[in-house]
Amino acid sequence: MGFKKLINGEALLNTLKNKQLVKNSKITLSLFAVFMLSGTNLLMAQSASTADSVTPAEKSEMWTGVGYYVLIFLTICLGVAIFGKVLKVYDLTRKMQGKKPINWNNIMGICCAVFLVAGLYGAYWSITEQGSMSLPEAASIHGVDIDNMFTITTVLTLIVFVITQVLLFGFLFLYRGSDKRRAHFLPHNNTIEKVWTIVPAIVLTILVIFGFFTWERITNSTEVKGDLNIDVTGHQFTWELRYPGKDGKLGHVDYKLVTGYNKLGVDFKDRNSFDDLSADTLVLPVNKSIRINIHAQDVIHSVYMPHFRVQLNAVPGLPTFFKFVPTITTAQMRLKTENPKFEYLLYCNKICGDGHYNMQRIVRVVTEAEYQDWIARQKPYLTDQLKKDLKIATTNPTAPAKVSSNRLALNN
Ligand SMILES: [Cu+2]
């Protein structure tokens, strides 16, 4: 009797031979999966390593990280395969010796119990260790409402998760296959059907209505009076910011008026346009209602300020707005986060091209006095060059301009 026959048994070997085709395709698929995994890791590491901010030390750490986890994965797979093989050999040996074979029902039951405990601990670990990383502290009034909704939904789903997992794996362990028991066949039970249909339906309805009213409260204010209006215009790959001047009103914009010097297409036939200001940083006074008017000039972008729980798409040809009240100044947040360099950021959250990753502006929340000081130092949108370009003759900033022509921004 050969070695293979000795450890595997005749029957097992025959089965394997019969399944040679299946086995071959499984090996091919496994190799393909490993190839794809390595390729993806390689690409991710390469694209990340091209970023300027990555130092050589971080780069080598990243490579170690990717290789390390692939190796761990392969080692675990190998370990499981070897353990399975050893058990099989042990089982066959016992059979050959005429002893009682391994009780696989018990093994499967114990595995389910271990999986339940390990899985629940994993979920607990994930929530306690990484839960706080999901979103930063809310720095706006409506942000707290959104967080409350998020917390309630998470707690409810967590309760259902724990109950269902304990029942599922607990029953698999408690009622594992045994010669002493016979399974009860339950073809249909109306009470169970009603309970597991009606209860989730009621809970989900409450959650949806709760969410609907919260969203309505956040978005249903069209009142402009008293708001600080700021135009935020996205184009590849930056955000242009326009503030109103002393009149508190922003002038009209029209994409047909966009030129090299009039990047936003501000209409200077509208007298409100004359004192508009352009800025590099989105500075917001704390506890004041801010209305962000969102525009896009090329592709779809998305205004995203995670600390304020603000996100809305910027769609070309479809101006939108979002209103919110920032409640924590940058200085206060620096103290809270114990990070003296902390800055709020306005990101683009729509993959809009190869410069998307860096499409951002610093957002600074300041006191009213600091805001007044800052706004007084901002440059007018209507630069001398733009005046020349538009052939604006008037020197009176409140008078409507005699604009020479409307220039088309598009090449058509
Ligand atoms: Cu973008």
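This is a short chat about a predicted model, covering its sheet, cores, one helix and a few backbone details.

Student: What order do the strands take in the five-stranded sheet?
Tutor: The order is β4-β10-β9-β6-β7, in an open sheet with mixed pairing. At the edges are β4 (282–285) and β7 (310–314), each of which pairs on one side only.

Student: How far are neighbouring strands turned against each other?
Tutor: By 20 degrees on average, direction ignored.

Student: Which helix packs on that sheet?
Tutor: Helix α9 (residues 368–375) does, touching β4 and β10 (360–366). The direction of α9 makes about 140 degrees with that of β4.

Student: Back to the middle. In what sense do β6 and β9 pair?
Tutor: Antiparallel, over two bridges, with β6 at residues 301–305 and β9 at residues 344–348. Valine 303 has cysteine 348 in β9 as its bridge partner.

Student: Which residues touch the most other members of the largest nonpolar core?
Tutor: Val232, Ile292, Val303, Met305, Leu346 and Val363, out of 30 residues in that core. A second core of nine residues lies apart from it and includes Leu257, Val266, Phe274 and Tyr381.

Student: What is valine 363 in contact with, leaving aside neighbours within four places in sequence?
Tutor: Valine 363 contacts Leu282, Leu284, Met305, Tyr344, Leu345 and Leu346.

Student: New topic, helix α7. What span should it have, and how far apart are its ends?
Tutor: Helix α7 covers residues 190–219, so at 1.5 Å a residue its 30 residues should span 44 Å. The end C-alpha atoms are 43 Å apart, which agrees.

Student: How many of its residues are buried?
Tutor: Zero of the 30, so α7 lies largely in the open.

Student: Any backbone oddities? Where is the cis peptide bond?
Tutor: The cis bond joins glutamine 236 and phenylalanine 237, with omega about 0 degrees. Phenylalanine 237 sits in the loop between β1 (228–235) and β2 (238–243).

Student: What about phi at asparagine 287?
Tutor: Phi there is positive, about 60 degrees, although asparagine 287 is not a glycine. Asparagine 287 belongs to the loop between β4 and β5 (290–296).

Student: Why does asparagine 287 count as partly exposed?
Tutor: Because asparagine 287 has 14 C-beta neighbours inside 10 Å, and partly exposed is the class between 12 or fewer, which is exposed, and 20 or more, which is buried.

Student: And glutamate 338, buried or exposed?
Tutor: Exposed, with 7 other C-beta atoms within 10 Å. Glutamate 338 is a residue other than glycine with a positive phi, near 55 degrees, and its place is in the loop between α8 (330–337) and β9.

Technical notes: Residues are numbered from 1 along each chain as its sequence is written. This is a predicted model: local features need pLDDT of at least 70, side-chain atom pairs count only at pLDDT 80 or more; totals for chains, interfaces and linings use all residues. Two strands pair if DSSP finds at least two bridges between them. Helices (H or I, at least four residues) and strands (E, at least two) are DSSP runs, numbered from the N terminus. Axes are lines fitted to C-alpha atoms, for helices over the stretch in contact, and angles run from 0 to 180 degrees between N-to-C directions. Two residues are in contact if their C-beta atoms, placed from the backbone, lie within 7 Å. A nonpolar core is a set of buried Ala, Val, Leu, Ile, Met, Phe, Trp, Tyr and Cys residues joined through C-beta atoms within 7 Å. The expected span of a helix is 1.5 Å times one less than its number of residues.
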